[in-house]
Amino acid sequence: MDVEQVIEELYGLRPEEFTAARDAYVAEARKARDADAVKALSGLRRPTTAAWVSNLFVRERQADVDRLLALGETLREAHRTLDPVTMREASGQRHKVIAALVREAAGSAREAGQAVSDAVLQDVEQIFHTVLARPDVAAQWATGRLVKAPEVAVGFGELTPETALPPRKPPEPAEAEKQAGRGKPAKSAGHARSEAKRPSKADVEAEAERRKRREQDRTAVEEAATEARRHDEVLHGAEGERRAARDHAAAADERVTELERQLREAKREQRAARTAVAEAEAAVKDAGRAARDAHRAADRARRKLESSAD
C-alpha cells in the first residue's frame, strides 16, 4: 500500500467521508499484515470543516498559496528588522489579501458541495492570519493536510510603525545663564551677533512644551501598545477555548458517525438474524410435519402387517 498516496486521497475527501474511508484502508492494511500502514493510517484525524476548506484552497489555488506565503515572509522580515515602510505597506495588504482569499476559499468549498457557515469562515480567516505570522504553520498548511485551526498568532497586532513616535533624543543642555549686571564692559560686535543666534526665552519655553507633548504622546503610544497586547492575550485565550470546544464537538461528531455506522451494521445483522430465525422456524415446522406423516405411514404399515399375519 502506498501510504502517502492514501493520505493525500483521504485529506482530499469531504470531512463526513473521511472516517469511513480511513477505516476501510486500515482494515485493508490489517488484512495485508502491513503494520506500518496500519499505524500510519489509524493515527490520522478527520479535519475540521475549516481545515478542510483551507486544504481544498491549497490544493486548487497554488498561485494564491504562493502569494500568501510570500506576504508572510515579507511581514515577518519587516517585523524582525522593524522596517516601518515595508511593515506599513505589508500590513495594509494583509487584511485585503486575506479577505479576498477567504471569499475564494468559501467559493471553492461551495463548488465542491460543502456548506460553510460564518463560524467556519472565521476559522479559515484565523488559519490564514496564523500562516502569515508563523513559518511552522505556513509549512504545515502548504501540505494541504491541516487537521484543525492552529494556535492564534498574536505577533501581528494592529499597532504599526506609523503610529510610533521618533526615537527619544537626549535633552539639550540648558541655556547658559546670561551675564547680567550693570557696569559690565560693552560686548563686541562679534559677541553680540553670537548671542543674537541664541534662542529666546519664548523659544526655549516653546521647545520645552513640544518635548513635553512628545513625551506624553510617546507614553500614550506605549500604553496603547500594552493595552493592545493585553487584549490580544484575552483574544488568544478566548480563541483557544473556542477551538477546544470545536475540537471536542468534532470528536463527538466523529464518534456519533462511527456509532451510527455500527448501529446500521448491527441493524443489518439483526434483520439477517431474524430472517434466519424465521427460516429455521419454517424448516422446523416442515420437518415436524414430515416426521408426523412418516410416523403415521409407519403405523399404517405395521397394522397392515399385523392384520395379514392373522
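**Exercise 1. Work out what share of the chain's contacts with a separation of 6 or more comes from residues 24 or more positions apart.**

Step 1: fix the term. A contact here means heavy atoms within 4.5 Å.

Step 2: read off the share. Residues 24 or more positions apart supply 74% of the contacts in the chain with a separation of 6 or more.

Step 3: keep the source in mind. This is a predicted model, where local features need pLDDT of at least 70, side-chain atom pairs count only at pLDDT 80 or more, and totals for chains, interfaces and linings use all residues. Residue numbers run from 1 along each chain as its sequence is written, and side-chain values use heavy atoms, with hydrogens and water left out.

**Exercise 2. Find out how far the predictor trusts the chain, and where pLDDT stays under 50.**

Step 1: pLDDT is the predictor's confidence in each residue, on a scale from 0 to 100. The chain average is 75, and 68% of the residues score at least 70.

Step 2: look for the weak stretch. Over residues 157-186 pLDDT stays under 50, and the model has 23 contacts beyond four places in sequence for that stretch.

**Exercise 3. Describe the secondary structure and the surface of the chain.**

Step 1: count the elements. Helices (H or I, at least four residues) and strands (E, at least two) are DSSP runs, numbered from the N terminus. By that count you get 10 helices and 0 strands, so to speak a plain run of α-α-α-α-α-α-α-α-α-α along the sequence, with helices as DSSP runs.

Step 2: turn to exposure. Buried means under 20% relative accessible area, exposed over 50%, and partly exposed in between (1.4 Å probe, protein chains only). Of the 310 residues, 25% count as buried.

Step 3: add the area. With the Shrake-Rupley method and a 1.4 Å probe, where for residues only the protein chains shown count as cover, the accessible surface of the chain comes to about 20700 Å². Carbon and sulfur atoms hold 53% of that surface.

**Exercise 4. Take Arg33 and Thr48, and say where each lies and whether it is buried or exposed.**

Step 1: Arg33 sits in the loop between helix H2 (15-31) and helix H3 (35-42). Its phi is positive, about 60 degrees, although Arg33 is not a glycine. Most residues other than glycine have a negative phi. With a relative accessible area of 78%, Arg33 is exposed.

Step 2: Thr48 belongs to the loop between H3 and helix H4 (49-60). At 17% relative accessibility, Thr48 is buried. Its side chain reaches the backbone nitrogen of Ala51 at 3.2 Å, a polar contact (a pair of N or O atoms within 3.5 Å; within protein, one must be able to donate a hydrogen and the other to accept it, and residues adjacent in sequence count only if both atoms are side-chain atoms).

**Exercise 5. Go through the salt bridges: how many are there, and which parts of the chain does the Glu4 and Arg145 pair link?**

Step 1: apply the rule. A salt bridge is a side-chain nitrogen of Lys or Arg within 4 Å of a carboxyl oxygen of Asp or Glu. The count comes to 13 salt bridges.

Step 2: Glu4 and Arg145 form one of them, at 3.1 Å from N to O. Glu4 is in helix H1 (residues 3-10), while Arg145 is in the loop between helix H8 (135-141) and helix H9 (189-196), 141 residues apart. Both are partly exposed, Glu4 at 46% and Arg145 at 23%.

Step 3: compare pairs within helix H10 (residues 201-309). Arg211 bridges to Glu207, with the closest N and O atoms 3.4 Å apart, and the two are 4 residues apart, about one turn of the helix. Asp286 pairs with Arg289 at 2.1 Å. Since Asp286 and Arg289 are 3 residues apart in H10, about one helical turn separates them.

Step 4: look for shared partners. Glu4, Glu8, Arg59 and Arg145 are joined into one network.

**Exercise 6. Locate the largest nonpolar core and the elements that give two or more residues to it.**

Step 1: a nonpolar core is a set of buried Ala, Val, Leu, Ile, Met, Phe, Trp, Tyr and Cys residues joined through side-chain atoms within 4.5 Å. The largest has 31 residues, and Val53, Leu68, Val124, Phe128 and Trp141 have the most contacts inside it.

Step 2: H4, helix H5 (62-81), helix H6 (84-111), helix H7 (118-133) and H8 each give two or more residues to this core.

Step 3: another core, of 14 residues, lies apart from it and includes Val6, Ile7, Tyr11 and Leu44.
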